[in-house]
Amino acid sequence: MTLDPVILFFALGVLARLAKSDLRLPEALYETLSIYLLVAIGLKGGAQLAVQPLATLWPVALAAIAISAAVPLVLFPVLRTFVRLGTADAASIAAHYGSVSVVTFAVAQSALTRAGIEPDAYLAMLVALMEAPGIVVGVLLARRGLAREGSGVRPGGAAPEGWGALLHEVLLGKAIVLLLGGITIGWASGPTGLAPLDPLFVGLFKGVLALFLLELGLVAGGRVQDLRRAGPRLLAFGLVAPPLLAIAGGAIGVLLGLSVAGVATLATLTASASYIAAPTAMRIAVPQANPSLSIGVALGVTFPFNVLVGIPIYVAAARALGGG
């Protein structure tokens, strides 16, 4: 069995950074690739939603929101007691895992297609729904805990931003706007209306994903020093949490009667950790947290684990269970 080339691009990036190569993608290109992926995922999902009754999706949508909100509540005490992190760092990392990774979702969709399983139309909608709730719960945990400890102000004396700034950043951030915008445009246009755009947003999708994963491999390889300083407990958390969360997400998918693709995708999203929306939101709302810890474990440990090991297991497990 041959490996998916997009995974090999990620591995190339990691190895290049560890070997101290001067390989870099221009910042402008990285931004362009991320915008392309978000729009392409949204358009594809929206076009398929146009031919599917939305009334049947409410149970899945509510379950996705509940999962995102529940994950930080479960992980916060684990990070406090087992990993022995302070309140701010524990809440920040819990928020990263409560939110989701769009690129992990894209890799899962690519893996499903490669396995001959057609992803369901509504799955892109789950990414948008699961982006924000975990972040909001993580902020609540941080502010509640810091208030009890009397450390709600950072050492420099500046207080964290209010809820208005946080909600604006979370709900109107690039990821949410592009995803929901793409879904809306795809839904309004339908498959026929979007057909002229297929060469750009469908035909080139996997190639763009490969280049984006090359850059993420470079970034992940650069986080090794942060993880060494964080210690083995955080490293163990980044490896153990994803499969356990995937089991929970997959089980909920089975109970909801989702298809094989739906079960595998819900498991993947539950196991993923945000490294785009969550870091920005937590920097605004919980400035006491150390971003190198949260981004280091999310992008340096959990993302590689899911991409290289986890997703094939989640897909195989969903296939074994049969789906709805």
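These legends accompany close-up views of a predicted model. Local features need pLDDT of at least 70, side-chain atom pairs count only at pLDDT 80 or more, and totals for chains, interfaces and linings use all residues. Residues are numbered from 1 along each chain as its sequence is written, and side-chain values use heavy atoms, with hydrogens and water left out.

**View 1. Tyr 30 and Phe 212 form a stacked aromatic pair.** Searching the whole structure turns up five aromatic pairs (ring centres of Phe, Tyr or Trp, the last by its six-membered ring, within 6.5 Å; planes under 30 degrees apart are stacked, over 60 edge-to-face, the rest tilted). Here the separation is 5.1 Å centre to centre, with 10° between the planes. The pair links distant parts of the chain: Tyr 30 belongs to helix H2 (residues 27-49) and Phe 212 to helix H11 (residues 205-221), 182 residues apart. Helices (H or I, at least four residues) are DSSP runs, numbered from the N terminus. Both Tyr 30 and Phe 212 are buried (under 20% relative accessible area with a 1.4 Å probe, protein chains only; exposed is over 50%, partly exposed in between).

**View 2. Tyr 275 and Phe 303 meet edge-to-face.** Their ring centres are 5.5 Å apart and the planes stand at 75°. Tyr 275 is in the loop between helix H14 (260-271) and helix H15 (277-285), while Phe 303 is in helix H16 (residues 291-321). With a relative accessible area of 10%, Tyr 275 is buried; Phe 303 is buried too, at 1%. Look for Phe 10 as well: ring pairs link Phe 10, Tyr 275 and Phe 303 into a cluster.

**View 3. Helices H13 and H14 cross right-handed.** The axes of H13 (residues 232-255) and H14 come within 7 Å and cross at roughly 145° (lines fitted to C-alpha atoms over the stretch in contact; angles run from 0 to 180 degrees between N-to-C directions). In a right-handed crossing, the near helix is turned clockwise from the far one by less than a right angle; anticlockwise would be left-handed. Contact residues (heavy atoms within 4.5 Å) include Gly 249, Gly 250 and Gly 253 of H13 and Val 263, Leu 266 and Ala 267 of H14.

**View 4. Phe 237 lies in helix H13.** Phe 237 is buried, with a relative accessible area of 4%. Beyond neighbours within four places in sequence, its contacts include Leu 75, Val 78, Tyr 97 and Val 297. Phe 237 and Phe 82 are 155 residues apart in sequence, yet 8.8 Å apart in space, C-alpha to C-alpha.

Key. Helix = DSSP H or I, 4+ residues; strand = E, 2+ residues; numbered from the N terminus.
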